[in-house]
Amino acid sequence: MNAEVQLTDMEKLDHLLKHWREHNDEHATVFRTWAARAAAAGRGETARLLGLAAEAAGRVSELLDQAGAALE
C-alpha cells in the first residue's frame, strides 16, 4: 500500500525557499563567470552590470534565508 504524503503549504514553502536559494546561488555564479568573460573581451560595462546582477542575486539569497528563518 502506497500512502501518499501530503505536505502542508508551509512545508511546501520551506522546501521551495531552499530550492529557490540554491537555484539563485547558481545564477549568481553564472553571472560572475560571464562578467569575467565580458571583462576579458573588453566589455567593461557589460561586466560591471553582470557584477551588479550577481550582487543583487546575493541579496535575494539573503532575503530567502530570512524568509525561511521567519517561517520556523
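This is a short talk on the fold, the helix packing and the charged pairs of one predicted model.

I'll start with the overall picture. The protein chain has 2 helices and 0 strands. Helix 1 covers residues 9–40, and helix 2 covers residues 44–71. Along the principal axes, the C-alpha atoms of the chain fill a box of roughly 60 × 30 × 10 Å. The radius of gyration is 17 Å, where a compact globule of 72 residues would come out near 11 Å. On burial, 15% of the 72 residues count as buried. As for contacts, take those with a sequence separation of 6 or more: residues 24 or more positions apart account for 58% of them.

Now helix 1 by itself. What should its 32 residues span, at 1.5 Å a residue? The expected figure is 46 Å, and the end C-alpha atoms are 46 Å apart, so the two agree. The buried residues of this helix are Leu 17, Asn 24, Ala 28, Ala 35 and Ala 38. Where do the buried residues of helix 1 pack? They pack against helix 2. Just after helix 1 comes Gly 42, with a positive phi of about 80°.

Next, the other side of that packing, with two residues of helix 2 as examples. The first example is Ala 57, which is found in helix 2. Ala 57 counts as buried because its relative accessibility is 5%, and the cut-off for buried is under 20%. Setting aside neighbours within four places in sequence, Ala 57 is in contact with Asn 24, Ala 28 and Phe 31. Two of those names, Asn 24 and Ala 28, are already on the list of buried residues of helix 1. Ala 57 also sits 7.1 Å from Asp 25, C-alpha to C-alpha, with their positions 32 residues apart in sequence.

The second example is Ser 61, again in helix 2. Is Ser 61 buried or exposed? It is buried, with a relative accessible area of 2%. Not counting residues up to four places away in sequence, Ser 61 touches Arg 21, Asn 24 and Asp 25. Asn 24 therefore appears in the contacts of Ser 61 as well as in those of Ala 57, and it is one of the buried residues of helix 1.

That brings me to the charges. Side chains of opposite charge can pair when their charged atoms come close. How many salt bridges does the count come to? It comes to 5, and I'll go through some of them.

One of them links the helices. Asp 65 forms a salt bridge with Arg 21, with the closest N and O atoms 2.8 Å apart. Asp 65 lies in helix 2 and Arg 21 in helix 1, so this pair ties together parts that are 44 residues apart in sequence. Both partners are partly exposed: Asp 65 has a relative accessible area of 39%, and Arg 21 is at 25%. The pair belongs to a network of salt bridges that links Arg 21, Asp 25 and Asp 65. Two members of that network, Arg 21 and Asp 25, are also touched by Ser 61.

Other salt bridges stay inside a helix. In helix 1, the side chains of Lys 18 and Asp 14 meet at 3.0 Å, N to O. These two residues are 4 apart, about one turn of the helix. An α-helix has 3.6 residues a turn, so residues three or four places apart point the same way. Lys 18 counts as exposed, at 56% relative accessibility, whereas Asp 14 is partly exposed, at 24%.

In helix 2, Glu 62 forms a salt bridge with Arg 59, and the closest N and O atoms are 3.2 Å apart. Here the spacing is 3 residues, again about one turn of the helix. Glu 62 is partly exposed, with a relative accessible area of 42%, and so is Arg 59, with 41%.

Last, the aromatic rings. The structure holds 0 aromatic pairs. There is a charge over a ring, though: Arg 37 lies over the face of Trp 34, at 4.4 Å from the ring centre.

To sum up: the model has 2 helices, the buried residues of helix 1 pack against helix 2, and Arg 21, Asp 25 and Asp 65 are linked in a salt-bridge network.

Notes
Residues are numbered from 1 along each chain as its sequence is written. This is a predicted model: local features need pLDDT of at least 70, side-chain atom pairs count only at pLDDT 80 or more; totals for chains, interfaces and linings use all residues. Side-chain values use heavy atoms; hydrogens and water are left out. Rings of Phe, Tyr and Trp (its six-membered ring) pair if their centres lie within 6.5 Å; planes under 30 degrees apart count as stacked, over 60 as edge-to-face and the rest as tilted. A charge sits over a ring if NZ of Lys or CZ of Arg is within 6 Å of the ring centre and within 35 degrees of the ring normal. Buried means under 20% relative accessible area, exposed over 50%, partly exposed in between (1.4 Å probe, protein chains only). Contact means heavy atoms within 4.5 Å. The expected span of a helix is 1.5 Å times one less than its number of residues. A salt bridge is a side-chain nitrogen of Lys or Arg within 4 Å of a carboxyl oxygen of Asp or Glu. The radius of gyration is taken over C-alpha atoms; the globule rule is 2.2 Å times the number of residues to the power 0.38.
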